[in-house]
Amino acid sequence: MSDIPLSDDLKPLDFRILNALQQDARAGLETIAKDAGSSRTAVWNRVKRYEQTGLIRRYAAMLDPEKAGVAETFFVSVRTDRHDAEWLNAFSAAIQDMREITEAHRLAGAEDYLLKVQVPSTRAFDAFYRRLIERIGIHTVSSSLSMETIKPVTALPLPE
């Protein structure tokens with residue numbers, strides 16, 4: 001049996017701590033403990049457990065894409081006519097190597113994959129697209145330019 005906490009194992013205090021960390025991972029233990037209604041030691045112990053079990057994967061800074069020079073976001077739908085392990089491994093390797101891809105999802109439905117691609121310009125997207133199709137055979141590709149990000153959320157919707 002694994003010691004990884006499942007959502008059923010998490011208590012209201014865990015959700016308060018996790019929600020506070022998702023809002024500001026740099027907040028001090030004192031602040032998180034106060035917000036969560038617990039002691040600093042209890043919060044520290046729980047955070048260490050979250051890290052050890054992989055519930056907290058990592059800590060990261062969230063950058064403003066426009067200020068960072070990658071203001072254009074494209075969503076790329078990919079359909080393949082190959083569903084064998086060799087193609088999947090080659091596709092996975094290609095998308096792992098391409099830094100412009102900030103998210104990649106395997107889908108159920110008409111499309112096989114959805115990629116989120118962040119680049120400085122449409123010209124840069126065209127260069128990205130050309131590199132992608134040079135690396136891997138794809139049956140159909142469809143791209144959409146995001147005109148505006150309406151809800152940029154990184155936090156998971158945990159219970160309050």
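**Strand pairing and helix packing in the predicted model**

In strand E3, Leu114 stands opposite Ser77. This pair is a convenient way into the structure, which is a predicted model. The partner strand here is E1, residues 72-79, and E1 and E3 run antiparallel to each other over seven bridges. Another pair on E3 is formed by Val119, which has Glu72 standing opposite.

Strand E3, spanning residues 113-119, has a second partner as well: strand E2 (residues 101-106) pairs with E3 over five bridges, again in the antiparallel sense. Two residue pairs help to locate this contact in the viewer. Ala104 has Leu115 as its bridge partner in E3, and Lys116 of E3 has Glu103 standing opposite. E2 and E3 make a hairpin with six residues between the strands, where Gly109 adopts a positive phi near 125 degrees.

Taken as a whole, the sheet is open and consists of four strands in the order E2-E3-E1-E4, with antiparallel pairing. Which strands stand at the edges? They are E2 and E4; each has a single partner strand, so one side of each is left without a neighbour in the sheet. From one strand to the next, the twist averages 15 degrees.

Two helices pack on this sheet. Helix H4, residues 85-97, touches E1, E2 and E3, and its direction makes about 20 degrees with that of E3. Helix H5 also packs on the sheet, touching E1, E2, E3 and E4, and here the direction makes about 135 degrees with that of E3. 

How many of the seven residues of E3 are buried? The count is five, and the strand is thus described as mostly covered. A closer look at one residue of this strand, Gln118, is worthwhile. Gln118 has a relative accessibility of 16% and therefore counts as buried, the cut-off being under 20%. Its side chain makes a polar contact, at 2.8 Å, with the side chain of Thr102. Beyond its neighbours within four places in sequence, Gln118 is in contact with Pro65, Val70, Glu72, Thr73, Glu100 and Thr102. Glu72 in this list is the residue that stands opposite Val119 in E3.

A buried residue can also be picked out in a loop. Ile138 is found between helix H5 (122-135) and strand E4 (140-145). Is Ile138 buried or exposed? Its relative accessibility is 19%, so Ile138 counts as buried. Setting aside residues up to four places away in sequence, Ile138 touches Val78, Arg79 and Leu132. The C-alpha atoms of Ile138 and Thr80 are separated by 5.2 Å, although their positions lie 58 residues apart along the chain as a sequence separation.

The remaining helices can be followed through their packing. Two packed helices are described by the angle between their axes and the distance between the axes. For helix H1 (residues 12-23) and helix H3 (residues 40-53), the axes come within 11 Å and cross at roughly 75 degrees. H1 and H3 are therefore roughly perpendicular to each other. On the H1 side the contact involves Leu13, Asp14, Ile17, Leu18 and Leu21, which meet Val43, Arg46, Val47, Arg49 and Tyr50 in H3. Sorted by class, this contact has seven nonpolar, no polar and three charged residues.

Helix H3 also packs with helix H2 (residues 29-36), at an angle of about 100 degrees and with the axes 8 Å apart. That angle makes H2 roughly perpendicular to H3. Here Leu29, Glu30, Ile32 and Ala33 in H2 meet Arg40, Val43 and Trp44 in H3. The residues of this contact divide into five nonpolar, no polar and two charged. Val43 is a useful residue to select in the viewer, since it appears in the contact of H3 with H1 and also in the contact with H2.

Note on methods:
Residues are numbered from 1 along each chain as its sequence is written. This is a predicted model: local features need pLDDT of at least 70, side-chain atom pairs count only at pLDDT 80 or more; totals for chains, interfaces and linings use all residues. Side-chain values use heavy atoms; hydrogens and water are left out. Axes are lines fitted to C-alpha atoms, for helices over the stretch in contact, and angles run from 0 to 180 degrees between N-to-C directions. Angles under 35 degrees count as roughly parallel, over 145 as roughly antiparallel, 65 to 115 as roughly perpendicular and the rest as oblique. Contact means heavy atoms within 4.5 Å. Ala, Val, Leu, Ile, Met, Phe, Trp, Tyr, Cys and Pro count as nonpolar, Asp, Glu, Lys and Arg as charged, and the others, Gly among them, as polar. Buried means under 20% relative accessible area, exposed over 50%, partly exposed in between (1.4 Å probe, protein chains only). Two strands pair if DSSP finds at least two bridges between them. A polar contact is a pair of N or O atoms within 3.5 Å; within protein, one must be able to donate a hydrogen and the other to accept it, and residues adjacent in sequence count only if both atoms are side-chain atoms.
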